[in-house]
Amino acid sequence: MLTLPNILTLSRIFAVPLLAALLWWPTWPLGYALGFAMYCLMGVTDYFDGYLARAQGTVSKLGVFLDPIADKIMVAAVILVLTAQGVLTGPYVGDMHVIAGLVILLREIAVSGLREFLGGIQVSVPVSRLAKWKTTLQMIALGALILGGAMPWWTLRLGGIVCNVPHTVGLTTLWGAAVLTVVTGWDYLRVGLKHMD
C-alpha cells in the first residue's frame with residue numbers, strides 16, 4: 001500500500017492546504033512564487049506517480065482511487081482560493097471569469113458522480129484525448145494565474161488597459177478549459193445515459 005507512487009499521490013493531497021495558504025494573500029508576490037513552485041512540483045509528482053506505478057508494475061487499487069481525487073482536490077482548492085481572493089477578475093468582463101471556474105468545478109463533480117454510477121454497473125469510461133487536452137489547459141491556466149500573482153510587474157498595455165501577461169494567459173486558457181470541460185462532460189453524460197433506464 002505504501003509504495004513510492006502512492007506516497008507521491010498522498011503527498012499531493014497533504015500539500016493542498018499549504019498551497020491554499022500560500023495563495024491566500026494575492027498582494028504577497030513571494031507567497032505566490034512559492035505557491036507556483038509548489039504547484040509545479042505537485043504537477044511533476046502527478047506525472048511520476050503514474051509513470052513509476054506502471055514502470056514498476058505496482059499499480060494498486062489505492063493508487064487508481066487516489067490519483068484522480070488528488071488532482072480534483074488540488075484544482076478545486078486553487079479555483080476556490082483564487083475566486084475568494086478576487087484573482088479570477090480581468091479586463092472587459094470583470095469577475096465573470098469566475099463562471100469558467102464554476103463550470104470546471106461542476107463538471108468535475110458531475111463526472112465523478114457519473115463514474116461512480118457506471119462503476120456500480122461494471123461500465124468503465126476511458127479518458128478521451130480531448131479530456132486530456134482539457135486537463136492540460138486547466139493546469140496551464142491555474143499555473144499562469146498563480147504566476148501572475150508572483151510577477152505583478154510583468155505587464156502589457158492592450159488598448160489602453162494594462163494587463164498582467166501571465167494572468168491574462170491564465171484567464172484565456174481557463175475559458176478554453178471550460179469549453180472543453182462542457183464538451184467532454186457531455187460526452188461522458190451521453191455514454192452514461194445509454195446505461196440508464
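Is Asp 67 buried, partly exposed or exposed? At 23% relative accessibility, Asp 67 counts as partly exposed. The close-ups below come from a predicted model, and Asp 67 turns up again in the opening view.

**View 1. Arg 12 meets Asp 67 in a salt bridge.** The two side chains come to 3.1 Å, N to O. This pair ties together distant parts of the chain, with Arg 12 in helix H1 (residues 4–22) and Asp 67 in helix H3 (residues 61–84), 55 residues apart. Arg 12 sits at 2% relative accessibility, so it counts as buried. Its partner Asp 67, at 23%, counts as partly exposed.

**View 2. Arg 12 also meets Asp 71 in a salt bridge.** Here the N to O distance is 2.8 Å. Once more the link runs between distant parts of the chain, from Arg 12 in helix H1 to Asp 71 in helix H3, 59 residues apart. Asp 71 has a relative accessible area of 22%, which makes it partly exposed. Zoom out a bit and there's a network of salt bridges linking Arg 12, Asp 46, Asp 49, Asp 67 and Asp 71.

**View 3. Lys 134 and Glu 108 form a salt bridge between helices H5 and H4.** Their side chains meet at 2.9 Å, N to O. Lys 134 belongs to helix H5 (residues 129–150) and Glu 108 to helix H4 (residues 98–120), so this is another link between distant parts of the chain, with 26 residues from one partner to the other. How accessible is Lys 134? Lys 134 counts as buried, at 3% relative accessibility. Glu 108 counts as buried too, at 9%. In the structure as a whole there are eight salt bridges, and the Lys 134 and Glu 108 pair is one of them.

**View 4. Strands E1 and E2 pair up in a hairpin.** E1 covers residues 155–158 and E2 covers residues 161–164; the two run antiparallel and are joined by four bridges. Leu 156 stands opposite Cys 163 in E2. Which residue of this hairpin takes a positive phi? That's Gly 159, with a phi near 55°, in a hairpin that has two residues between the strands.

**View 5. Cys 163 and Cys 40 differ in exposure class.** Cys 163, the residue opposite Leu 156, counts as buried because its relative accessibility is 7%, under the 20% cut-off. Cys 40 reaches 35% relative accessibility, so it counts as partly exposed. How many disulfides does a search of the whole structure find? The search comes back with zero.

**View 6. Trp 25 and Trp 28 make an aromatic pair.** A search of the whole structure turns up two aromatic pairs. In the Trp 25 and Trp 28 pair, the ring centres lie 6.3 Å apart and the planes are at 75°, so the pair is edge-to-face. Trp 25 is partly exposed, with a relative accessible area of 48%. Trp 28 also counts as partly exposed, at 35%.

**View 7. Tyr 47 and Phe 48 make another edge-to-face pair.** These rings are 5.1 Å apart centre to centre, with 80° between the planes. Phe 48 has a relative accessible area of 36%, so it's partly exposed.

Methods:
Residues numbered from 1 in each chain as written. Predicted model: local features only at pLDDT ≥ 70, side-chain atom pairs only at ≥ 80, totals over all residues. Heavy atoms only, no water. Disulfide = S-S within 2.5 Å. Buried < 20%, exposed > 50% of the residue type's maximum accessible area, 1.4 Å probe, protein only. Salt bridge = Lys/Arg side-chain N within 4 Å of Asp/Glu carboxyl O. Pairing = 2+ DSSP bridges. Phe/Tyr/Trp six-rings, centres within 6.5 Å; stacked < 30°, edge-to-face > 60°.
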